[in-house]
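Here's an informal walk through one model, with an eye on its aromatic rings, its strands and one of its pockets. Have the 3D view open while you read.

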Amino acid sequence: MGRRQPDSQFGRFALLVIFLRSAISCWITYLSFSAAFFKGSSDANSVGSSDEREKEEENGCCRGIEHLELWGDAVNWGSEFKVNSSEECCKGCKEMCKGDDGPCLCDSCVFCGNREACGSRFGECWLKKQKDTLDPDRRDSGDKVIWTSGLIFGKGEGIVKLKTAYGVVRVKLLPDCAPHSVAYILELLTLRHSVGCQFYCAESRGNSWDPQGNHIEHAPFGPPFALIQGTLEAQGTTFKGIPTEVCPTIRRGSIAWVGSGPEFFISLANHNEWRKAYTVFGYDLPEDMDVVEKIAQLPTKPEVWSNAKVSVLDRPVPLRFLRAKITP
């Protein structure tokens with residue numbers, strides 16, 4: 001039988017650093033949410049909350065990553081299909097991905113938009129099909145690459161698992177809204193471990209939102225802000241800040257970065273008052289929100305950092321992103 005090794009000074013120091021980082025992150029996030037609230041609350045009543053508006057907003061996203069060339073089987077040759085922008089190229093791919101009866105005919109687009117560098121290939125829009133959308137075939141990347149590439153996930157595609165001790169949450173990723181963010185999540189799928197990734201703060205809906213996430217008339221917009229917060233920086237990896245990729249409005253189940261990450265949160269409510277203050281890179285499937293609710297109801301301890309009240313989980317909840325098998 002093996003024996004437990006005594007804690008080293010380094011191990012204790014590392015735990016202290018993790019705790020301090022979590023505490024500081026909660027405080028910074030609180031200030032960020034407060035700023036977003038004051039910015040948007042003045043005209044929150046004029047912001048609609050219809051599902052149609054939100055879906056249109058999400059579908060309007062069409063972004064790619066510059067200096068990246070994705071490979072894959074061509075379903076529409078760029079030499080015969082030229083457009084004026086990477087957004088038009090992306091929309092061309094989406095046109096082939098509207099059906100509800102199976103995978104998309106196109107799930108990636110590659111556009112050449114630098115007139116000088118592309119030469120005669122300027123405007124080429126290659127529509128392609130990946131063998132594995134969660135592990136796209138990257139031909140080349142770097143400043144010398146003249147292409148801009150993006151992914152499109154159709155219905156039932158681009159879904160990953162967020163695994164915790166309290167259950168699994170299936171997450172639909174939004175690469176057309178937040179391509180850099182989704183690229184990072186896909187990197188997490190390849191790691192053998194996700195030590196360091198965890199939830200460490202939780203705020204209830206209070207008396208401001210109902211169980212469906214709708215704001216209660218005349219109630220304040222927080223605090224508390226109805227969310228659970230954590231970090232997606234795994235130990236042993238170097239996190240590079242994610243550029244702002246704003247598209248959908250925060251609503252119940254939205255997953256978004258705090259600033260440029262690695263701190264993130266899952267919202268328990270519709271935050272129309274925040275407008276587009278945060279980069280949303282995915283959303284939880286509605287049927288799995290009970291797991292998020294469980295974590296939000298775990299014991300917390302109130303703390304005050306720089307005159308800001310925060311709710312810190314008594315015990316952080318480790319998490320890990322994994323592949324999900326979706327059955328029809």
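What follows goes from ring pairs to a pocket, then on to the strands and a few single residues.

**Aromatic rings**

Keep in mind that this is a predicted model. A pair of aromatic rings is described by the distance of the centres and the angle of the planes. By that kind of description, the structure holds 10 aromatic pairs. Two of them are set out here.

| Pair | Centre to centre | Angle between planes | Class |
|---|---|---|---|
| Trp77 and Trp126 | 5.2 Å | 50° | tilted |
| Tyr184 and Trp257 | 6.1 Å | 55° | tilted |

Why call the pair of Tyr184 and Trp257 tilted? Planes under 30 degrees apart would count as stacked and those over 60 as edge-to-face, so at 55° the pair is tilted.

Now look at where these rings sit. Trp77 is in the loop between β3 (73-76) and α3 (86-94), while Trp126 belongs to strand β5 (residues 125-129), so this pair ties together parts that are 49 residues apart in sequence. Trp126 has a relative accessibility of 13% and counts as buried, because the cut-off for buried is under 20%.

The other pair bridges a stretch of 73 residues in sequence, because Tyr184 comes from helix α5 (residues 179-189) and Trp257 from strand β12 (residues 254-257). Are its two rings buried or exposed? Tyr184 is buried at 10% relative accessible area, and Trp257 is buried too, at 0%. These two rings also have company: Tyr184, Phe239, Trp257 and Phe281 make up one aromatic cluster.

A ring can meet a charge as well. Arg139 lies over the face of Trp71, 4.0 Å from the ring centre.

**Helix α5 and a pocket**

Tyr184 leads straight to the next stop. It is one of the buried residues of α5, a list that also has Pro179, Ser181, Val182, Ile185, Leu186, Leu188 and Leu189. That makes 8 of the 11 residues of α5 buried, so the helix is largely enclosed by the rest of the structure.

Rolling a probe the size of a water molecule over the atoms shows where empty space is left. The second largest pocket has about 410 Å³ of space. Its lining has 14 residues, and those closest to the pocket centre are His180, Tyr184, Glu187, Lys240 and Ile242. Which element gives the most to this lining? That's α5, with 5 residues. By type, the lining splits into 7 nonpolar, 4 polar and 3 charged residues.

Helix α6 (residues 289-296) is another mostly covered one, with 6 of its 8 residues buried. Those are Met289, Val291, Val292, Glu293, Ile295 and Ala296.

**Strands and sheets**

Strands of a sheet pair through backbone hydrogen bonds, either parallel or antiparallel. Here, one open sheet has 5 strands in the order β1-β7-β4-β5-β3, with antiparallel pairing. At its edges are β1 (65-66) and β3, each of which pairs on one side only.

Inside that order, strand β4 (residues 108-112) and β5 run antiparallel and are joined by 4 bridges. Trp126 turns up again here, standing in β5 opposite Val110. Ser108 is in strand β4 as well, and it counts as buried at 0% relative accessibility. The C-alpha atoms of Ser108 and Gly72 are separated by 8.3 Å, although the two residues are 36 apart along the chain.

Elsewhere, strand β8 (residues 159-164) and strand β9 (residues 167-173) run antiparallel with 6 bridges. They form a hairpin with 2 residues between them, and Thr164 stands opposite Gly167 in β9. How many bridges join β9 and strand β14 (residues 280-284)? There are 3, again in the antiparallel sense, with Val171 standing opposite Asp284 in β14.

**A residue on the outside**

Finish with Lys325, which is in the segment after β17 (320-323). Lys325 is exposed, with a relative accessible area of 83%. From C-alpha to C-alpha, Lys325 is 9.9 Å from Arg170, although the two are 155 residues apart in sequence.

Terms used. Residues are numbered from 1 along each chain as its sequence is written. This is a predicted model: local features need pLDDT of at least 70, side-chain atom pairs count only at pLDDT 80 or more; totals for chains, interfaces and linings use all residues. Side-chain values use heavy atoms; hydrogens and water are left out. Rings of Phe, Tyr and Trp (its six-membered ring) pair if their centres lie within 6.5 Å; planes under 30 degrees apart count as stacked, over 60 as edge-to-face and the rest as tilted. Buried means under 20% relative accessible area, exposed over 50%, partly exposed in between (1.4 Å probe, protein chains only). A charge sits over a ring if NZ of Lys or CZ of Arg is within 6 Å of the ring centre and within 35 degrees of the ring normal. On a 1 Å grid over the protein atoms alone, a cavity is a set of points where a 1.4 Å probe fits but cannot get out, and a pocket is an open set with protein on both sides within 12 Å along at least five of seven lines; lining residues have an atom within 4 Å of a point. Grid points are joined across faces, edges and corners, and a volume is the space filled by probe spheres set on the points. Ala, Val, Leu, Ile, Met, Phe, Trp, Tyr, Cys and Pro count as nonpolar, Asp, Glu, Lys and Arg as charged, and the others, Gly among them, as polar. Two strands pair if DSSP finds at least two bridges between them.
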